Amino acid sequence: MNRLLLTLAVILFCSFKIPSKGLVVIHYNASFNTTNSVSLTGISDAKVLSLWIDDPDVKEFGKIKSVPTIVLYKNGKEIDRWEPGLSLTLSVTHKDIQEVIDELTGANKF
């Protein structure tokens, strides 16, 4: 089952390009580290994607050094990055990421 999901992710990635307009949050992780995934449920005003670095092309594309890593892109350009420490866990929450998105979109002014 994991191999099937990985294959589907690779197929989707091969045809995937970061949209040139708008905000995109990508959660990069690896199959050996799924217990340290970060829930991005609740993120609004940005497209949220999950990619697996088990495929070397994905790892290279995201310039991933450790997992999980979350990267925020605006109009195809990296804006912010959250990386784990030695424990392979992230201290960031979806609310922290949403605050950055709100600053970029101006939603925090209301």
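**Salt bridges, sheet and cores**

Glu-83 comes out as partly exposed, with a relative accessibility of 38%. The model is a predicted one, and Glu-83 makes a handy way into it, since this residue belongs to a salt-bridge network together with Glu-78 and Arg-81.

The salt-bridge tally comes to two. In one of these, Arg-81 pairs with Glu-83, and their closest N and O atoms sit 3.6 Å apart. In the other, Arg-81 pairs with Glu-78, with 2.9 Å between the closest N and O atoms. Arg-81 therefore takes part in both pairs, linking the three residues into a network. As for solvent access, Arg-81 is partly exposed at a relative accessible area of 21%. That is a partly exposed residue because the buried class requires under 20%. Glu-78 is partly exposed as well, at 34%.

Glu-78 also leads into the sheet, being the bridge partner in β4 of Tyr-73. Strand β4 covers residues 77–82 and runs antiparallel to β3, with five bridges joining the two. The hairpin they make has two residues between the strands, and in this hairpin Asn-75 adopts a positive phi near 50°.

On to the sheet itself. Four strands make up an open sheet with mixed pairing, ordered β2-β1-β3-β4. The edge positions go to β2 (47–52) and β4; each has a single partner strand, so each has one side without a neighbour in the sheet. From one strand to the next, the twist averages 25°. Further in, β1 and β3 run antiparallel and are joined by six bridges. Within that pairing, Leu-23 stands opposite Lys-74 of β3. The pairing of β1 with β2 is parallel, and here too the bridges number six; Ile-26, for instance, has Leu-49 as its bridge partner in β2. Strand β3 is mostly covered, five of its six residues being buried.

What about the nonpolar interior? The largest nonpolar core has 14 residues, and the members touching the most others are Val-25, Leu-40, Ile-70, Leu-72, Trp-82, Ile-97 and Ile-101. At least two residues of this core come from each of β1 (23–29), β3 (69–74) and α3 (94–105). Helix α3 provides the largest share, namely three residues. A separate, second core has 12 residues, including Val-24, Ala-30, Leu-51 and Ile-64.

Back in the largest core, Ile-101 is worth a closer look. Apart from neighbours within four places in sequence, Ile-101 is in contact with Leu-23, Val-25 and Leu-72, along with Ile-43, Ser-44, Asp-45 and Ala-46. Part of that stretch turns up again around Gln-98, a residue of helix α3. Leaving out residues up to four places away in sequence, Gln-98 touches Gly-42, Ile-43, Ser-44 and Asp-45. With Ser-44 there is a polar pairing too: a polar atom of the Gln-98 side chain lies 2.7 Å from the backbone nitrogen of Ser-44. And is Gln-98, polar as that side-chain atom is, buried or exposed? Gln-98 is buried, at 11% relative accessible area; the value counts as buried because the cut-off is under 20%.

How values were computed
Residues are numbered from 1 along each chain as its sequence is written. This is a predicted model: local features need pLDDT of at least 70, side-chain atom pairs count only at pLDDT 80 or more; totals for chains, interfaces and linings use all residues. Side-chain values use heavy atoms; hydrogens and water are left out. A salt bridge is a side-chain nitrogen of Lys or Arg within 4 Å of a carboxyl oxygen of Asp or Glu. Buried means under 20% relative accessible area, exposed over 50%, partly exposed in between (1.4 Å probe, protein chains only). A nonpolar core is a set of buried Ala, Val, Leu, Ile, Met, Phe, Trp, Tyr and Cys residues joined through side-chain atoms within 4.5 Å. Contact means heavy atoms within 4.5 Å. A polar contact is a pair of N or O atoms within 3.5 Å; within protein, one must be able to donate a hydrogen and the other to accept it, and residues adjacent in sequence count only if both atoms are side-chain atoms. Two strands pair if DSSP finds at least two bridges between them. Axes are lines fitted to C-alpha atoms, for helices over the stretch in contact, and angles run from 0 to 180 degrees between N-to-C directions.
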